[in-house]
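Student: I am new to this structure and would like a close look at a single part of it. Could you choose one residue and then set it in its wider surroundings?

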Amino acid sequence: MPNKPSPDSSAPPSIVWFRDDLRVDDNPALAKAASSGTPVVAFYVLDQKADRPLGGASLWWLHHALAALQTSLEPLGVSLILRAGDATDLVPTLVSETGAKAVYWNRRYTASGIAQDTEIKATLKRNGIEAESFNAHLLHEPWTVQTGSGGPYRVFTPFSRAARAAGTPRQPTPAPEMIVQWSGKANSLELDDLNLLPKKPDWAAGFRDMWRPGPEGARANLASFITDKLSGYPDDRNVPGIEATTRLSAHLRFGEISPREVWHAAEIADAPRDSIFKFHQELLWREFSYHLLFHYPDLGSANHQSKFDDFPWADHTTGEGAERLRAWQHGQTGYPIVDAGMRELWHTGWMHNRVRMIVGSFLVKHLLTDWRVGEAWFWDTLVDADPANNTASWQWIAGSGADAAPYFRIFNPVLQGEKFDGDGTYTRRWVPEVAKLPKKYLHKPWEAPINVLRDAGMTLGSTYPHPIVDHKTARDRALQAFKSLSETP
Ligand code: FAD
């Protein structure tokens, strides 16, 4: 038998272009490069022009996610080449610098991302370079789940049924055991050169306390969720005062953990079937958002229901509208549950899902502010800001989306606070000004008698704001505006 040729580290390499898949496990593009037997070069381009530029909180996360990727690639003998600029030029440039014969990547689903990938693939193929893409981000890619007539779904429940019927997601695969090291050299920026972290002011102190970006942090979250939280998930997930969810959203957003790994970890957990089902449904909401984004590429910028184009949004750029928007952004609306959510967001880069719905509804319905304004604020401040989940969720809240909340569903921030944060654990934590109020008045300080306010160390309008809008007046105004729309054919 002839000897197997030993791997040649000076042979033309394969490039793995990392994007939203910052992991070595269950990464089909990396697996393909490793199995080709050629040396492997790992590449990341910070391209803030081709696709929507990342917001501040996401850039903070990205810095740490890239550092973690470097750490995972090191034992495999692969170094990560970092560059910044237009990937449309930088990918072919690295190919010619390294003499690579192939480029592999995992797919993304935004219109601009797809357009760039298509262009790069065409350039590479024209030059005789192999270019192949894979699915690492989703359980089911958007075109694989179809209605009976072959179109996209616009309603979640039938989508989720069809996604389940499409079959169990395949098992995740481990990181490659062996990768041929490349003996060549290519210039790389240092991670710090990408300037992803805030400097002056350094607003990320609260982020550092809460998060461990990278696959290890993701696995730790997943493990503690499966052991301690999954069984109670269907009810506890709605209570912001308890840590009852995975907090995996940013890890999933940046692809530090595979959705297939998360799905299967729950599938085999020792937990009631209905808890597992409910958790899988949430993963399917993420799939549904991507399904919508792919089939309706302007989901992030245009009302999915075009009749909303005539909606009488308030002017948020000047005067009272601008002041109210600022109060919302800074957690100074005078509604404690809304303010708690907005402050949690500012300090940690994350907000509990129930509270996202409350603050979103407040902005769109109580303040009649265009959902795109809220979406943009979330895009800048969330560590998990996701091109599909964020836009689909905001459209859902506004009522302009595909499977949207009905217009007359206007969350009452007092009742929502009392129902989901009855003992006030969450609100007292994030809004210390109201922390000493008794339960009865915690979510409506304006109804507290003067002596109760005094005992709680509060003066409305001084230590804590009066409500910026009256709930009933705002509700009636919103109903009026939305009703006129619902009468539009
Ligand atoms: P878990 O309850 O542990 O759920 C597990 C995973 O399922 C999540 O990590 C997420 O990937 C997915 N998921 C859960 N709920 C939803 C949902 N309602 N829609 C889509 N996917 C879901 N999620 C984002 O990942 N990025 C965003 O930018 C984003 N923006 C949102 C904006 C608004 C206005 C609202 C109402 C929701 C938004 N969500 C977004 C959805 C949801 O709030 C977060 O995914 C969830 O709070 C993340 O916490 P978790 O990881 O602990 O969730």
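Tutor: What follows looks at F159, then at the whole protein, and then at the shell around the ligand. Please keep in mind throughout that this is a predicted model. F159 lies in helix α5, which covers residues 156-165. The residue counts as buried because 23 other C-beta atoms lie within 10 Å, where the cut-off for that label is 20 or more. Leaving aside residues up to four places away in sequence, F159 touches V145, Y153, F288 and H291. For a sense of distance, A50 is 109 residues from F159 in sequence, and their C-alpha atoms are 30 Å apart in space.

Turning to the protein as a whole, there are 21 helices and 5 strands, and 48% of its 489 residues count as buried. Of the contacts between residues at least 6 apart in sequence, 77% join residues at least 24 apart. The C-alpha atoms fill a box of roughly 90 × 50 × 50 Å along the principal axes. The radius of gyration is 24 Å, which agrees with the value near 23 Å that a compact globule of 489 residues would have.

The last part of the picture is the ligand, which has 27 residues around it, with T245, T246, N353, N390 and S393 coming nearest. By class, this shell holds 10 nonpolar, 9 polar and 8 charged residues. At least two shell residues come from each of the helices α9 (249-253), α11 (273-295), α14 (353-366) and α16 (389-398).

Terms used
Residues numbered from 1 in each chain as written. Predicted model: local features only at pLDDT ≥ 70, side-chain atom pairs only at ≥ 80, totals over all residues. Near = placed C-beta within 6 Å. Helix = DSSP H or I, 4+ residues; strand = E, 2+ residues; numbered from the N terminus. Nonpolar A, V, L, I, M, F, W, Y, C, P; charged D, E, K, R; others polar. Rg over C-alpha atoms; globule rule 2.2 N^0.38 Å. Buried ≥ 20, exposed ≤ 12 C-beta atoms within 10 Å, placed from the backbone. Contact = placed C-beta atoms within 7 Å.
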